[in-house]
Amino acid sequence: MTNLPSRRGLLFGAAAVSAGVVLTGCTSNDPDDGDDKAADTQPAADDQPGKQVTIGYAGPQADHGWLNAVNDQAQKRAEKYSDVTLEVTEGSNDTAQQIGQIETLINKKVDVLVVLPADGKALTQVGLKAMRAGIPVVNLDRIFNSPQAYRCWVGGDNYGMGLNAAHYIGEKLKGKSGAKVIELAGLDNLELTQQRTKGFDDGLKNYPNIQKVARQAAEFTVESGQAKMAQLLQAQSQFDALWNHDDDQGVGALRAIEQAGRDDFLMVGGAGALSAFQAIKADSGVLKATVLYPPTMAASAIDLARALGQGKGVSGLAEFEIPSTVTCYSAVVDKENVDQYMSTGFK
């Protein structure tokens, strides 16, 4: 594999913001400390124009609000930098077509690739091909099967979504004896759904007064959310809280709740749709919070790709290289902080 250049001093962007993390440099009390002087002279990627970088971006078809927001975040972030040229492929859920698109970018000799694969396993080999050609790959969200297929992975925390949803609900119901919760999951055959449910179940273990009494799996669509929520409401005449994995299917769930005339519980959503943020701000229904799976991770992937192309890393960290893994935090958005996140909501 071709050796990649040193990556130093990236001023880290959207993933750090989503995580609520502020990275600051540490300095010695001794002004004559040679090591600190060396650290101060490390090149740092910032908003100032630097070496020109061509980034190839390949994602799946934007057939879901979140995926459309991811593509939008990547393109808007690239437009921010005068030293970045973004080559975007036509989104495809066909793995053979996406592999062909990435191979075209490899043949064009782009400086860095950002890839959100339609299928991480199926696209692992083309990731390896790019890395072996000396083109560093930023693997976005859906992970390749081999860490050799990417230089850096950036993605969300599905387990953390469930965990934080459970903690939010648990704190709201902390004083209630015999509290009952239900769960409206996504597609059960997806690992991400399984991770979200495990996080939720593990989080609820911290609250012995709460019992999960029902669970239904929808399909991340409005229609399935409405149908499965109607079934839950019919089967459960009384419960205190609902966690819905996905804000898109949550639109349907809210329709079913309204049709049933129910308002006797609190609801927590998932992902961070604009409609959910607006409902939370209005505070006129059962939806009180949502747990982020931030599409801003795509903007951070562009930041990291730019740093790779310019031979820079993360400002405020001692290491000369950018991290190999960046996991975005699943923040809980409620009425107290919804204004901060409103601009990141997807449609």
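How much area does the protein expose, and what share of it do carbon and sulfur atoms supply? About 15,700 Å² is exposed, with 47% of that coming from carbon and sulfur atoms.

**Figure 1. The whole protein, before zooming in.** Keep in mind that this is a predicted model. The secondary structure adds up to twelve helices and twelve strands. The protein has 347 residues, and 52% of them count as buried. Take the contacts with a separation of 6 or more: 74% of them are between residues 24 or more positions apart.

**Figure 2. Two cysteines, C152 and C328.** Are these two buried or exposed? C152 is buried, since its relative accessibility is 0% and the cut-off for buried is under 20%. C328 is buried too, with a relative accessible area of 0%. As for disulfides, a search through the whole structure turns up zero.

**Figure 3. Helix 6 and the aspartate at its start.** Helix 6 covers residues 158-172. Does its length come out right, or what should we expect for 15 residues? At 1.5 Å a residue the expected span is 21 Å, and the end C-alpha atoms sit 22 Å apart, so the two agree. At the start of the helix, D157 gets a side-chain oxygen to within 3.4 Å of the backbone nitrogen of Y159. Quite a list of residues in helix 6 is buried, including N158, G160, M161, G162 and N164. Further along the helix, A165, A166, Y168, I169 and G170 are buried as well. A handy reminder for looking at any such view: an α-helix has 3.6 residues a turn, so residues three or four places apart point the same way.

**Figure 4. The F200 and W243 rings.** The count of aromatic pairs comes to three. One of them is F200 with W243, a tilted pair with 5.2 Å from centre to centre and 40° between the planes. F200 belongs to helix 7 (residues 191-204) and W243 to strand 8 (residues 241-244), so this pair ties together parts 43 residues apart in sequence. How accessible are the two partners? F200 has 0% relative accessibility and so counts as buried; W243, also at 0%, is buried as well.

**Figure 5. The F239 and F265 rings.** Here the ring centres are 4.4 Å apart and the planes meet at 40°, so this pair is tilted. Which parts of the chain does the pair link? F239 is in the loop between helix 8 (222-235) and strand 8, while F265 is in the loop between helix 9 (247-260) and strand 9 (266-271). That puts the partners 26 residues apart, and the pair links distant parts of the chain. F239 is buried at 0% relative accessibility, and F265 is buried at 7%.

**Figure 6. T197 and its contacts.** T197 is found in helix 7, the helix that also holds F200. With a relative accessible area of 10%, T197 is buried. Its side chain makes a polar contact of 3.1 Å with the side chain of R215. Which residues does T197 touch, not counting residues up to four places away in sequence? The list is E183, A185, K212, R215 and H245.

**Figure 7. Two positive phi values, at D141 and A271.** D141 is a residue other than glycine, yet its phi is positive, near 65°. D141 sits in the loop between strand 4 (137-140) and strand 5 (152-155). Its relative accessible area is 12%, so D141 is buried. A271 is not a glycine either, and its phi is positive at about 110°. Where does A271 lie? A271 is part of strand 9, and it counts as buried at 5% relative accessibility.

**Figure 8. L105 and what surrounds it.** L105 is a residue of helix 4 (residues 95-107). At 3% relative accessibility, L105 counts as buried. Setting aside neighbours within four places in sequence, L105 contacts G56, Y57, E87, T89, V110 and L113. How far is the C-alpha atom of L105 from that of I135? The separation is 10.0 Å, for two residues 30 positions apart along the chain.

Note on methods. Residues are numbered from 1 along each chain as its sequence is written. This is a predicted model: local features need pLDDT of at least 70, side-chain atom pairs count only at pLDDT 80 or more; totals for chains, interfaces and linings use all residues. Side-chain values use heavy atoms; hydrogens and water are left out. A disulfide is a pair of cysteine sulfur atoms within 2.5 Å. Buried means under 20% relative accessible area, exposed over 50%, partly exposed in between (1.4 Å probe, protein chains only). Helices (H or I, at least four residues) and strands (E, at least two) are DSSP runs, numbered from the N terminus. The expected span of a helix is 1.5 Å times one less than its number of residues. A polar contact is a pair of N or O atoms within 3.5 Å; within protein, one must be able to donate a hydrogen and the other to accept it, and residues adjacent in sequence count only if both atoms are side-chain atoms. Contact means heavy atoms within 4.5 Å. Accessible areas come from the Shrake-Rupley method with a 1.4 Å probe; for residues, only the protein chains shown count as cover. Rings of Phe, Tyr and Trp (its six-membered ring) pair if their centres lie within 6.5 Å; planes under 30 degrees apart count as stacked, over 60 as edge-to-face and the rest as tilted.
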